[in-house]
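These are notes for a colleague who is meeting this structure for the first time. They are set out as numbered points, to be read beside the sequence and the model.

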Amino acid sequence: MYQYKSDTTQFLDAYLEEHPEEKTKQLQHRGMLWDVALNPEDEANFKAASLPKKGYSYQSE
C-alpha cells in the first residue's frame, strides 16, 4: 500500500514522540470544547424554536 506521509505529518509525529505530555493536553483542551454538558433548559428552548422543514424548498407558496 502507499505509505506517503507529508512533511507536516512527519513533523507532528516526531514532535509528539519527543513531547508525550502534549497528548494529554490535547485531550484536556478537546474536553473543554466538545465534551460539555448542555443545560437542559437551553436544549429544550433550541428544540422548541426549530421550524419544520418544507418538503420542497424552492416552491413558492
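1. Lys 25 is a convenient place to begin. Its relative accessible area is 38%, so Lys 25 counts as partly exposed. Its side chain meets that of Glu 22 in a salt bridge, with 3.8 Å from N to O. The cut-off for a salt bridge is 4 Å. Both residues belong to helix H2, three residues apart, or about one turn of the helix. Glu 22 is partly exposed too, because its relative accessible area of 21% is not under the 20% that buried requires.

2. Please keep in mind that this is a predicted model. The average pLDDT of the protein chain is 88, and 97% of the residues score at least 70. Which helix has the lowest confidence, and which the highest? H2 is lowest, at a mean of 89, while H1 is highest, at 96.

3. The secondary structure is brief to describe. The protein chain contains three helices and zero strands, and along the sequence the pattern reads α-α-α. H1 covers residues 7-18. H2 (21-33) and H3 (40-49) are joined by a loop that includes Leu 38.

4. The overall form departs from a compact globule. For 61 residues, such a globule would have a radius of gyration near 10 Å, whereas the protein chain has 22 Å. Along the principal axes, the C-alpha atoms fill a box of roughly 60 × 35 × 15 Å. One pair of positions gives a sense of scale: Leu 38 and Lys 54 are 16 residues apart along the chain, and their C-alpha atoms are separated by 28 Å.

5. How much of the protein chain is buried? Buried residues make up 0% of its 61 residues. The exposed area is about 6,600 Å², of which carbon and sulfur atoms supply 57%. H3 fits this picture: of its 10 residues the number buried is zero, so this helix lies largely in the open.

6. The start of H3 has a cap. Asn 39 caps the N-terminal end of the helix, with a side-chain oxygen placed 3.1 Å from the backbone nitrogen of Glu 41. In the loop before H3, Leu 38 has a relative accessible area of 59%. Leu 38 therefore counts as exposed, the cut-off being over 50%.

7. The structure holds three salt bridges, one of which is the Lys 25 and Glu 22 pair described above. Another links the side chains of Asp 13 and Lys 5, at 3.2 Å from N to O. Asp 13 is partly exposed at 30% relative accessibility, and Lys 5 is partly exposed at 45%.

8. A further salt bridge joins the side chains of Arg 30 and Asp 35, at 2.9 Å from N to O. Are these two residues buried, partly exposed or exposed? Arg 30 has a relative accessible area of 41% and is partly exposed. Asp 35 reaches 52%, so it counts as exposed, since the cut-off is over 50%.

9. The last point concerns nonpolar surface. Phe 11, Leu 12 and Tyr 15 make a nonpolar surface patch of about 300 Å². Tyr 15 lies in helix H1. Its relative accessible area is 32%, which means that Tyr 15 is partly exposed. That value also explains why Tyr 15 can belong to a patch, because patch residues need over 30% relative accessible area.

Methods:
Residues are numbered from 1 along each chain as its sequence is written. This is a predicted model: local features need pLDDT of at least 70, side-chain atom pairs count only at pLDDT 80 or more; totals for chains, interfaces and linings use all residues. Side-chain values use heavy atoms; hydrogens and water are left out. Patches are made of residues with over 30% relative accessible area and no salt bridge: like charges are joined within 9 Å, nonpolar side chains (Val, Leu, Ile, Met, Phe, Trp, Tyr) within 5 Å. Accessible areas come from the Shrake-Rupley method with a 1.4 Å probe; for residues, only the protein chains shown count as cover. Helices (H or I, at least four residues) and strands (E, at least two) are DSSP runs, numbered from the N terminus. Buried means under 20% relative accessible area, exposed over 50%, partly exposed in between (1.4 Å probe, protein chains only). A polar contact is a pair of N or O atoms within 3.5 Å; within protein, one must be able to donate a hydrogen and the other to accept it, and residues adjacent in sequence count only if both atoms are side-chain atoms. The radius of gyration is taken over C-alpha atoms; the globule rule is 2.2 Å times the number of residues to the power 0.38. pLDDT is the predictor's confidence in each residue, from 0 to 100.
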